[in-house]
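Me: Please take one close look at a single part of this structure, the place where the two chains meet, and follow the elements there into each chain. I am in my first year, so plain wording is best.

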Amino acid sequence: MLKRIVCAAALALAIAPAMDAEAAELRFAGTTPALTMDPHASNDFVTTAIYRQVYDSLVGLTLDMELAPGLATDWEYLGDNTWRFMIRDGVVFHDGSPLTAEDIKFSIERAKGSRFYTSLFGGITEVNVSGDNTVDVISTTPDPVLPRKMARMFIMSKPWAEENDALDVPDLGAEGGEAFSIRNANGTGPMKLVSHDQAVQTVFAKNENYWGEYPGNIETATYLPIGSSPTRVAALLSGEVDMVIDLPLQDINRVQSTSGFKVQQEPQLIWMQIELDGSRDVALDTFKKDGSPIESNPFKDVRVRQALAHAIDADLIADRVMRGSARVVGIAATPGLGGYQEDLDQRWPTDIEKAKSLLEEAGYGEGFITTLNCPLERYVNTEEICRAVAAMLARVGIEVRVNGMVWPDFARMLVNGPESSFHLIGLTPNSWDVQDAFTATMMTRDPETKQGFFNWALYSNPTVDKVAKELPATIDEEARTALYREGLEAAKETVSAVYLHQPMLTWGLTDAIEAPMRGDATVTLQNVQKAD
Amino acid sequence: MAALIARRLGHGILVLFVVSLLAFLLSSLVGDPVASILGLNATPEDRAELAQRLGLDQPFFTRYATFLWNAIHFEFATSYAAQRPVSDLLIERIPATLELAAVALVLSLAVGIPLGLLAAVNRGRWWATALMSASVIGLSLPTFVVGILLIFVFSVQLGWLPSFGRGETVAIGWWTTGFLTASGLKALIMPALALAISQVALVARLVRAEMLDVLRADYIRFAKARGIKKRAIEFSHALRNTLIPVITVSGIQLGFLVAFAVVAEAVFQWPGLGLLFLQALGSTDIPVISAFLLLAAAFFVTINLVVDCLYVLVDPRLRAGGALGGGPTL
């Protein structure tokens, strides 16, 4: 008996230090590197998901993308276009200095001056420290979605920036060497930055003084960019990395069927849609069936738009082209965005006969020939999606030529024009609130007033315009909900675009890792649990 | 001889000039860097301001002149994506690529030369023919296929070698080397092998052809007639004369290896110049794209020049005033 106890004790002793010594380390890999660690110098979503480990946003996010207290514990609208943010007490930066209201003011002003964030924070006119722990932010409008925008406002230490000559956002095309903040960081986030080498790896260590909860057990984490997909998957299967954050669709089955590995999915905060020219009198690159030029714009006719919505089977695309790794969307909003209305989220039913009769009514019974501009990169399986759309429209007599374009070309076509009557594109409202979908991408485009500036297909509808004008001036929640619903319904009825699906974020992991997913593609390292 | 070298140098500079123009032209065709940097959600003012900031609103020749002037001083502006000086990035990445190319070259010579010799000496035997036929397969297998096969066998199935990266490196001044650590050496094996395989076949075929030529030469027959042992003739007389062209070719090969390293680097996430170039293409990072193209051209030109000089040293006929003027050029 005694012997057994001694043995057990000895065993416990032997195991305990071993477990301690084996601090949990997470190695995770993705396609592209984090471009910079300066939180105001890039809006690339991979880069943001990496510097978010080190820098906290003013307003926090739950795993469901809902707003939560972050560095600001609370916020309220004071009237007069002013929002007040209450700053959390007792937060320290990684270098040990305390977080002050001055740091918040400094960070907001720094981010606002960055050209990556002007469309998000450009409306802010003034930031005032109104008390020890409060900051007032004044904008040109009441800006009801400002708290949600602040989930993308990353807070930096002012004294640290002063010491290291990093007061300004590193500017492209600047003379001289590299800014300090590109490879060094000092935030308040759950992880400290150990090193950042864009070519090789970004290394983090747990922030022992983190103000928030840290339910996971990760002590160090390394992000490894591995561009080649087969190599990335091989690195996972050979155990060199614990997790791959963008598993290619074709490898899902392989990873899932290998023992010791699993696959997790979560809809991404972006949806794919096909945009249709809503304003031009003559559609671009569109012809009659005999090949002669068309003298009209079929897409301007709401019946044609509805016919397309009936003819394009988004379920089939999600199922076949995306191999099930997609969530079909029915309205211009997705879960996780402010203003999403779940009960409205119903797709137009796929109905070929209905589509044909609508086309007949509109005078296009014979169909027509048109060109679908299709970006080849940036989003998942775009070329296959475009081909599927072409095949589906062929069933109702519309002959679609797919014009594949590399991303820089595609982007150039839109921003310098827009010069497209029919294209596929992915959409995320900049502020993560549907309000932005209305004001930026659906409102009648007017370059003078910069309204609807990202409305690439020149969609135009009076109800949507009204909603887009009223929403930014409406604070009352109930009134806002009514406006969201009115706008979303009008947009769906007039087919602001043929909504397709949200692609899934797909992670491949070893069974030892428990990691919750979030729509903005962040691996919340503080929540990751690694078993021995 | 000096005249010859001066003329070669002149050629080289001309080539570099043309490449610089092409590189610059190409990089202005790959897309709109402003749209790539800012994405779609930026205001037109921001776009215009950034274009001005980057000098993209200047006329083509003004931009080209600035680029050329800076390039002469080894200054290549700032990378759009990394926001760091391009020259820093290049210097950081050069050691990885050169080490990989050098190991691949040594590997291809170490395997290719004996293989070629065996095939030449044993000409006509079935296995020598089979060997040469097999080398055609090596020659025609694309590097990325070889790379992925290697990864599948040695990383996933056997778990012996790392599938990506360079392992631990040791910094010696600005140079980082993977030769001094176990993980660095292990990481080198597969990328170097993938890169060397097609070159092995090339070297083997070249050695075989040269060797067969030499073996037919008169002095070999005389040596045979004098009763010198077959092995001594083959390895002492014939081999030495065979290797002269092989050495010249391998110089040029090093240039090819550096260029082909792009593929191997992409497959193995090898942090060298090729990977930098591919990433730059993906993000319309014009300063990096044009600097890489120029650097690659300079590398080729330099190697060519060195090879030409070596040729002059080796071949006495060229030393006599350069009347022949020839010499291998690529």
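**Two helices at a chain contact**

Reply: Start inside chain B, with two helices that are oblique to each other, α7(B) and α8(B), because the angle between them, about 140 degrees, is neither under 35 nor over 145 nor between 65 and 115. This is a predicted model. Helix α7 of chain B covers residues 143–157, helix α8 of chain B covers residues 182–215, and their axes are 9 Å apart. The crossing in which α7(B) passes α8(B) is right-handed. On the α7(B) side the contact is made by B:T143, B:V146, B:G147, B:L150, B:I151 and B:F154. On the α8(B) side it is made by B:M190, B:L193, B:A194, B:L195, B:I197 and B:S198. Sorted by class, this contact of α7(B) with α8(B) has 9 nonpolar and 3 polar residues, and no charged ones.

Helix α7(B) has another partner within its own chain. That partner is helix α10 of chain B, residues 230–268, which packs against α7(B) at about 30 degrees with the axes 9 Å apart. The angle is under 35 degrees, so α7(B) and α10(B) are roughly parallel to each other. Their crossing is right-handed. From α7(B), the residues B:T143, B:F144, B:G147 and B:I148 take part, and they meet B:F260, B:V263, B:A264, B:V267 and B:F268 of α10(B). This contact divides into 7 nonpolar and 2 polar residues, with no charged residue. B:T143 and B:G147 appear in the contact with α8(B), and they also appear in the contact with α10(B).

Now to the other chain. Helix α7(B) also packs against α7(A), at an angle of about 5 degrees and with the axes 10 Å apart. These two helices, α7(A) and α7(B), are therefore roughly parallel to each other. Chain A brings A:P230, A:T231, A:A234 and A:L237 to this contact, while chain B brings B:I148, B:I151, B:F152, B:S155 and B:V156. Of the residues in the contact of α7(A) with α7(B), 7 are nonpolar, 2 are polar and none is charged. B:I151 takes part here and in the contact with α8(B), whereas B:I148 takes part here and in the contact with α10(B).

The pair of helices belongs to a wider meeting of the chains. In total, 39 residues of chain A are in contact with 44 residues of chain B. On the chain A side, α4 (118–121), α7 (229–237) and α13 (407–415) each supply at least two residues. The most comes from α13(A), with 6 residues. By class, the side of chain A that touches chain B has 21 nonpolar, 12 polar and 6 charged residues. So charged residues are present on that side as a whole, although the contact of α7(A) with α7(B) has none.

The strands of chain A complete the view. Strand β8 (residues 191–197) and strand β9 (residues 201–206) of chain A pair in the antiparallel sense over 6 bridges. A hairpin of 3 residues joins β8(A) to β9(A), and A:L193 has A:F204 of β9(A) as its bridge partner.

A parallel pair is found in β15 (residues 369–375) and β16 (residues 399–405) of chain A, which are joined by 7 bridges. In this pair A:P375 stands opposite A:M405 of β16(A). Between the two strands the chain runs through helix α12 of chain A, residues 382–394, in a right-handed β-α-β crossover.

Chain A also has an open sheet of 4 strands in the order β4-β5-β7-β6, with antiparallel pairing. Strands β4 (72–79) and β6 (124–131) of chain A each have a single partner, so one side of each is left without a neighbour in the sheet. Neighbouring strands of this sheet are turned by 20 degrees against each other on average, direction ignored. Within the sheet, 5 bridges join β5 (residues 82–87) to β7 (residues 134–139) of chain A, and A:W83 is partnered by A:V137 of β7(A). Helix α3 of chain A, residues 101–112, packs on this sheet and touches β5, β6 and β7 of chain A, and its direction makes about 175 degrees with that of β6(A).

Conventions:
Residues are numbered from 1 along each chain as its sequence is written. Chains are lettered from A and ligands numbered from 1 in the order in which they are written. This is a predicted model: local features need pLDDT of at least 70, side-chain atom pairs count only at pLDDT 80 or more; totals for chains, interfaces and linings use all residues. Two residues are in contact if their C-beta atoms, placed from the backbone, lie within 7 Å. Axes are lines fitted to C-alpha atoms, for helices over the stretch in contact, and angles run from 0 to 180 degrees between N-to-C directions. A crossing is left-handed if the near helix is turned anticlockwise from the far one by less than a right angle, and right-handed if clockwise. Two strands pair if DSSP finds at least two bridges between them. A crossover is right-handed if, with the strands pointing away from the viewer, the path from the first strand over the helix to the second runs clockwise.
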